[in-house]
Each structure stands twice: as structure tokens, then as C-alpha cells.
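Got your viewer open and a hand on the mouse? Please load the model below, and we will walk through it one selection at a time.

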Amino acid sequence: MNRAAVLDGIGSCLPPRVVSNGELAATLDTTDEWIVSRTGIRQRHVAAPGTATSDLAVGAGEQALKSSGEPVVDTVVVATTTPDRSCPATAPAVASKLGLTGAAAYDISAVCSGFIYGLATACGLIATGTADRVLVIGAETYSSILNPRDRATSVIFGDGAAAVTLRPGGPDEPGAVGPFDLGSDGNGRDLITVRAGGSEQRLSGVEPAPDDQFFAMAGKEVFWRAVLRMSESAQSVLGRAGLAVDEVDWLVGHQANARILQRLANALGIPPERHIVNIAEVGNTAAASIPLALADAHAAGTLHAGDRVLLTAFGGGLTWGSAVLTWPELDPTTRRSP
Ligand code: UT7
């Protein structure tokens, strides 16, 4: 029998400070009405200065390990656009803070598709026997790279982290993850970018221009590509899995914009009652977006063992990816009380 990766734990961590649209409208030329109607976002969580991505990753990782009932993994994968430092990777620090010094640990840089890319590499490690138990975390502090004067991006992104644990198992048991579909188009790399700080625009000891220092996104150009790539990728992964759209119980799209999610669902022919959407409460949390939506839906009791879940994401790179998984029976104490 093929060795597959099986999801057996989940956790999340949001920084406590909630920033409403109204609070943003006090300093930016925007309104609650614009943000809600154009994006579906009502609030986001924002990390305090001094809180690093690894802090949120550790919070989510701790919860996921606890919910799996097994405190040890041999590999830690952190998907992030906002690492603690440009060198070294964030994952080794996360592993050590979780008491997992010695574990293999590396970062995945695929922006909003990062969690699906991370999940795919983790499943590969388990399938080949290179790893037994893997912790995959999506974690972001976008507040550290947003231009506070850019209303087009500041209203969209939020901070947060979420994580899953994976163990070896059979491809047909609840929790089995896969198949995957992954893709990229580097011709679009300028559409979602932080220009300065890498090898292209090197550190000179002089501050780069603010536009280059901060995250920038060509929102309109990204919008239609997100709908197109996520729907193509989702259809392709369903083909690989041999599943029809009506065999999917839940669609979990990258929480980029409620209007993108609506169009994605329409393109796939999945009705609204089968979408998992939490963008109103957390905004776009990039690599944390998909696992956070899963963790929220699990906590709310929406996901049940045996449910077929379709994940699809799109982000900077440009990158995209999709996966299918069957929801497992998880520790019921990780659900919110009704
Ligand atoms: O996570 C990775 C993938 N990311 C995405 O997929 C995001 C994709 N893009 C989007 O979600 C949307 O394009 C945005 C939410 C970024 C922008 O929404 P839009 O409906 O595409 O607006 P727009 O860029 O076409 O701008 C429309 C107008 C412009 O004003 P003018 O030129 O028509 O006078 C903008 O300047 O809205 C203006 N605008 C705002 N107004 C109030 C842009 N941002 C704001 C704002 N508040 N925050």
C-alpha cells in the first residue's frame, strides 16, 4: 500500500489586537463601506511591534501538536512571506522554541500559496519515508511589510498563523492529504512584490525608497489572475483525484477577497453553503490563510470526519496550488463550545 500523509492535528494563533475598518479609516483615505463592499473584510488582527512571525508560528504549532496528542515531529516547515530575518530561515527557531531542536526545519517562500506548497513538500517527505511526523505552519506578520500610507494594501492584509501535523498512513483513511496541483508564472513577479532588501536591490546602508521597501500589489491585475489560476488549478487537482465537483463537501479558497472567492466558487459550480470563508474576521493572512480557515471551521464544528475538502490558493511569484484532503476525526476539545 502507498504511504500517504494523514492530517492528525490543527492549531492557530492570532495576535490579540483587532483593528476594525473604522480604525483604519481614521488614518487612511478609506471607509468601512468601501472595504466591506470591495473585499468582504470587517477587521483583521495585527501583531504588536516586537511580535515576530516565529512567535505566532510557535503559538499555532503548540496547539497543533497538542491536538494531535503527540508532542514530537521530526520535521518543521514554515510557509511565510514575512520571515523573522532574511537569513537564516524562521523554521529552525520555531522548532527550537517548540522543544524540537534537532528536527529538520526549513521555510517555504511561495507567498499566499505557501501553505499548499509546504503541505506538498511535507507529504512528499512522508511518502518517501524521509520524514515520519511533520508540522506544517503558515505564519505571517504582514503588518511588518505593509506601507501604512497605501490604502490599497493596508486594508486587506492581517497577521496570524495556523498549523497542521501530519503522520504516515494509508491514502484512503480520513485525514489523507493529496493529490496536489502546483504552478507558477514568474512573468508576473512585479504584481505582488517587495522590491528592496534582496540581491537585486542590495542593502547599501541607506534606506530604500518607501515604495521599494514595502509590500506592493497591482490589485486589479492580480484579481482576475487569482480567479483564473485558482479555478484552473482546482479543476486540475479534482481531475487527478478522480473527483467530480459535487463530491466536494467544502471549498477552502485563499481568503484574498470575498469577491474573488465568489467568482472562484461560481467558476467551479460550488454553491455558497459549501464555501468556508473567514475573511471578514481575519482579512488576507497570506500563507496562514488556508490553515486558518481550516482551523476556524474545525473549531466551529463545520468540518466533519470524512468530509472532502478542496484547497486552492494563489499568490505572489506568481504561484498557485491546490490540494484535496479528507477531513479526519480530530480532538473534539479543540472545538469551540457552542
Ligand atoms: O493575496 C494574494 C492575492 N491577492 C489578491 O488576490 C488581491 C486581488 N485584488 C483585490 O482584492 C482588489 O483588486 C483590491 C481589493 C486590491 C482593490 O479592489 P478593486 O475593486 O480592484 O479596486 P481598484 O483597485 O479598481 O480601485 C477602485 C478605486 C480606485 O479609485 P479610482 O481610481 O477609481 O478613483 C482606488 O484608488 O478604489 C480606490 N481605492 C480605495 N478607495 C477607498 C483603492 N483602495 C481603496 C481603499 N479605500 N482602501
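The tour below visits the ligand, some polar contacts, an aromatic cluster and the nonpolar cores. Keep in mind that this is a predicted model.

**Stop 1: the ligand**

Select the ligand and show what surrounds it. You should find 23 residues around the ligand, and the closest are Thr-30, Arg-38, Lys-220, Asn-257 and Asn-284. Pick Thr-30 to begin with: a polar atom of its side chain sits 2.6 Å from a ligand nitrogen. Next, click on Lys-220, where an N or O atom of the side chain is 2.6 Å from an oxygen atom of the ligand. Add Arg-151 to the view as well; a side-chain N or O atom there lies 2.8 Å from an oxygen atom of the ligand. Now switch on a surface: of the 950 Å² of accessible area that the ligand has on its own, the protein covers 74%.

**Stop 2: Thr-53 and Thr-80**

Move to helix α3, residues 53–68, and select Thr-53. Is Thr-53 buried or exposed? Its relative accessible area is 1%, so Thr-53 is buried. Follow its side chain to the backbone oxygen of Thr-82, which is reached at 2.5 Å. Beyond its neighbours within four places in sequence, Thr-53 is in contact with several residues, including Thr-80, Asp-84 and Ala-139.

From there, select Thr-80, in the loop between β4 (75–79) and α4 (91–97). Thr-80 is buried too, with a relative accessible area of 4%. Which backbone atom does the side chain of Thr-80 reach at 2.9 Å? The backbone nitrogen of Thr-82. Show Glu-140 next, since you can draw a polar contact of 3.3 Å between its side chain and that of Thr-80. Other contacts of Thr-80, leaving aside neighbours within four places in sequence, include Asp-107, Ile-108, Ser-109 and Ala-287. For a sense of scale, draw a line between the C-alpha atoms of Thr-80 and Val-155: these residues are 75 apart along the chain, and the atoms are separated by 20 Å.

**Stop 3: an aromatic cluster**

Select Tyr-142, Phe-157 and Phe-215 together; these residues form one aromatic cluster. Look at Tyr-142 and Phe-215: the ring centres are 5.2 Å apart and the planes stand at 75 degrees, so this pair is edge-to-face. Tyr-142 lies in the loop between β6 (134–140) and α6 (151–154), while Phe-215 lies in the loop between α7 (210–213) and β10 (216–217), so the pair ties together parts that are 73 residues apart in sequence. Both Tyr-142 and Phe-215 are buried.

Now turn to Phe-157 and Phe-215, another edge-to-face pair, with 5.0 Å from centre to centre and 70 degrees between the planes. Phe-157 sits in the loop between α6 and β7 (160–169), so with Phe-215 in its own loop between α7 and β10, this pair ties together parts 58 residues apart in sequence. Phe-157, at 4% relative accessibility, counts as buried.

**Stop 4: the nonpolar cores**

Keep Tyr-142 and Phe-215 selected: they are among the residues that touch the most other members of the largest nonpolar core, which has 42 residues. Colour α8 (219–241), α9 (258–268), β12 (308–315) and β13 (319–326), each of which supplies at least two residues of this core. Which element gives the most to this core? That is α8, with 8 residues.

Finish on Phe-314, whose contacts more than four places away in sequence include Val-222, Met-230, His-254 and Trp-320. A second, separate core has 39 residues, among them Val-77, Ala-110, Val-177 and Leu-311.

How values were computed
Residues are numbered from 1 along each chain as its sequence is written. This is a predicted model: local features need pLDDT of at least 70, side-chain atom pairs count only at pLDDT 80 or more; totals for chains, interfaces and linings use all residues. Side-chain values use heavy atoms; hydrogens and water are left out. Rings of Phe, Tyr and Trp (its six-membered ring) pair if their centres lie within 6.5 Å; planes under 30 degrees apart count as stacked, over 60 as edge-to-face and the rest as tilted. Helices (H or I, at least four residues) and strands (E, at least two) are DSSP runs, numbered from the N terminus. Buried means under 20% relative accessible area, exposed over 50%, partly exposed in between (1.4 Å probe, protein chains only). A polar contact is a pair of N or O atoms within 3.5 Å; within protein, one must be able to donate a hydrogen and the other to accept it, and residues adjacent in sequence count only if both atoms are side-chain atoms. Contact means heavy atoms within 4.5 Å. A nonpolar core is a set of buried Ala, Val, Leu, Ile, Met, Phe, Trp, Tyr and Cys residues joined through side-chain atoms within 4.5 Å. A residue is near a molecule or strand if one of its heavy atoms lies within 4 Å of it. Accessible areas come from the Shrake-Rupley method with a 1.4 Å probe; for residues, only the protein chains shown count as cover.
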